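Let's take a walk through a protein model together. Have the sequence and the 3D view ready, and follow along as we go.

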Amino acid sequence: MTDAISYAAAPAPAPAPTPLAGRAARARLDRLWQRGCDFLGTPTAIMGGAMSWVSERRLVAAISDAGGFGVLACGSMGPDQLAEEIAATRALTARPFGVNLINMHPALDRLLDVCREQAVGHVVIAGGLPSGATLRRIKDGGAKALAFAPTLIAGRRLVKQGADALVIEGTEAGGHIGPVSTTVLAQEILPDLREVPVFVAGGIGRGETILSYLELGASGVQIGTRFVCATECIAHPSFKQAFIRASARDAQPSVQIDPRFPVIPVRALANEASKRFMEFQREVIAKVDAGAMGRDEGILEIEHFWAGALRRAVIDGDVESGSLMAGQSVGLVTREQPVAEILAELTAQAETALARRAGDEASLGMMADQAVGAL
Ligand SMILES: Cc1cc2nc3c(=O)[nH]c(=O)nc-3n(C[C@H](O)[C@H](O)[C@H](O)COP(=O)(O)O)c2cc1C
């Protein structure tokens, strides 16, 4: 019997993907996200997550033009502004894009009317669980309804109420966040919820990660943070610089210091404003405890601390007193890049991983043949 060298020797590195392997990998990727692409009407199932002040006509049109699915952030816009923004986006791209509305917006019904009047194809409803009536209104207006599912049970309920697709967003994401990581949510929800397409969001910065969620059963992904430094994004240069300089650990959730005074967790880059927010809570709570202010008034004061703060940072470039909402994937943002390059990079990373795997399987097959031949 020959010695064990043929087994113990370091395996040869996987051959670089050949053009043929590349084509096969692309075909495999296309099969993996086919459901998401069909649902969105796009060649890739990568949604550009709506970001208030950031996801306006230019970024949204650029994402859709490059093969992704741009989503307009309505944020605090009123109906007329939203109508204007939808029309302006249409003037920039003929590709499909969606509109993100905040569930607790006081003019929600009117905004839904605008979406119907403007024949919007997809409405993403964020900021809490939408009612069945809201989902029906979206669908009656001719659009597909997407909602955020924080748990498997909530996801199932949303599907029963009429949601056409779900987004599951982990705590790594930028902006308002839930408590559970993307990986755990994905494992909890993807294998069991097959009725509608599910898009995974939060902490996604590379194509290999997209691939792993697709293989777990996702139909696509939603990415926010990686698009902030797109060349086409109107965010202030100081806002983009803060992203380029930051590492993952700088993107921290806002902290609530007293359970009597709830704070909705928001992930943002730590800055002067986030430090000041802690002091501010202490000051307000001290006033309430001293009887100088009612508790409800105190809760409102704390809520109002961040009013206008995202706009100040994104549009005015006030990166100290503004809010620098960002996800942990900010550490993977290293420079300004055109949207098409970001999407091409993500897709290529997923394809290369698939092609390498095919190469690995081929070399494993060769090694097995050699091992058998040596017996
Ligand atoms: C600056 C910023 C603003 C955001 N604003 C919104 C918003 O208005 N509505 C919403 O549904 N999600 C909002 N998000 C979340 C994104 O749509 C997306 O789901 C999230 O960024 C995905 O995680 P990632 O940042 O790790 O890619 C925001 C995120 C950021 C970074």
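Before we start, one term: two strands count as paired if DSSP finds at least two bridges between them. Keep in mind, too, that what you're looking at is a predicted model.

With that term in hand, look for an open sheet of three strands, ordered β7-β11-β10, where the pairing is antiparallel. Its edge strands are β7 (175-176) and β10 (251-253), and each of them pairs on one side only. Zoom in on β10 and strand β11 (residues 266-269): three bridges hold this antiparallel pair together. One spot to find is Q252, whose bridge partner in β11 is A268.

Now step back and take in the whole chain. It's divided into domain 1 (18-233 + 334-356) and domain 2 (247-325). Their C-alpha centres lie 28 Å apart. Where the two touch, domain 1 contributes eight residues and domain 2 contributes 11 residues. What kinds of residues does domain 1 bring to this contact, by class? Its side has four nonpolar, four polar and no charged residues.

Next, let's follow a run of parallel strands. Strand β3 (residues 97-102) and β4 (122-126) pair in the parallel sense over five bridges. I102, for instance, has A126 in β4 as its bridge partner. Together, β3, α6 and β4 make a right-handed β-α-β unit.

Is β4 enclosed or open? Five of its five residues are buried, so β4 is largely enclosed by the rest of the structure. You can check this side by side: H122, V124 and A126 point one way, V123 and I125 point the other way, and all are buried.

Keep going and you reach β5 (144-148). Four bridges join β4 to β5, and the two run parallel. Here I125 has A147 in β5 as its bridge partner. Once again there's a right-handed β-α-β unit, this one made of β4, α7 and β5.

That brings us to helix α7 itself, which spans residues 132-140. A bit of helix geometry helps here. An α-helix has 3.6 residues a turn, so residues three or four places apart point the same way. Now look at which residues of α7 are tucked in: T134, L135, R137 and I138 are buried. Seen down the axis of α7, these buried residues fall within an arc of 160 degrees, so they line one face of the helix. On the other side of α7, A133 and D140 are exposed. What covers the buried residues of α7? The cover includes α6 (108-117), β4, β5 and α8 (152-161). Just after α7, have a look at G142, which takes a positive phi of about 95 degrees.

The trail then carries on to β6. β5 and β6 run parallel and are joined by three bridges, with F148 facing its bridge partner V167 in β6. Along with α8, these two strands make a right-handed β-α-β unit. Strand β6 (residues 165-169) is mostly covered, with five of its five residues buried. Both faces are covered: A165, V167 and E169 sit on one side, L166 and I168 on the other, and all of them are buried.

From β6, hop across to strand β8 (residues 198-201), which pairs with β6 in the parallel sense over four bridges. To line the two up, find I168, which stands opposite V200 in β8. A little further along the chain is helix α10 (residues 207-216), where G207, T209, I210, L211, Y213 and L214 are buried. After α10 comes G217, whose phi is positive, near 120 degrees.

Let's finish with a single residue. I299 sits in helix α13 (residues 295-304). Is I299 buried, exposed or partly exposed? It has 16 other C-beta atoms within 10 Å; a buried residue would need 20 or more and an exposed one 12 or fewer, so I299 counts as partly exposed. Not counting residues up to four places away in sequence, I299 touches F261 and P262. For a sense of distance, pick out L158 as well: the C-alpha atoms of I299 and L158 are separated by 30 Å, and the two residues are 141 residues apart along the chain.

Terms used. Residues numbered from 1 in each chain as written. Predicted model: local features only at pLDDT ≥ 70, side-chain atom pairs only at ≥ 80, totals over all residues. Arc of directions from axis to C-beta. Contact = placed C-beta atoms within 7 Å. Domains from an automatic or database assignment. Nonpolar A, V, L, I, M, F, W, Y, C, P; charged D, E, K, R; others polar. Right-handed = clockwise from strand over helix to strand, strands pointing away.
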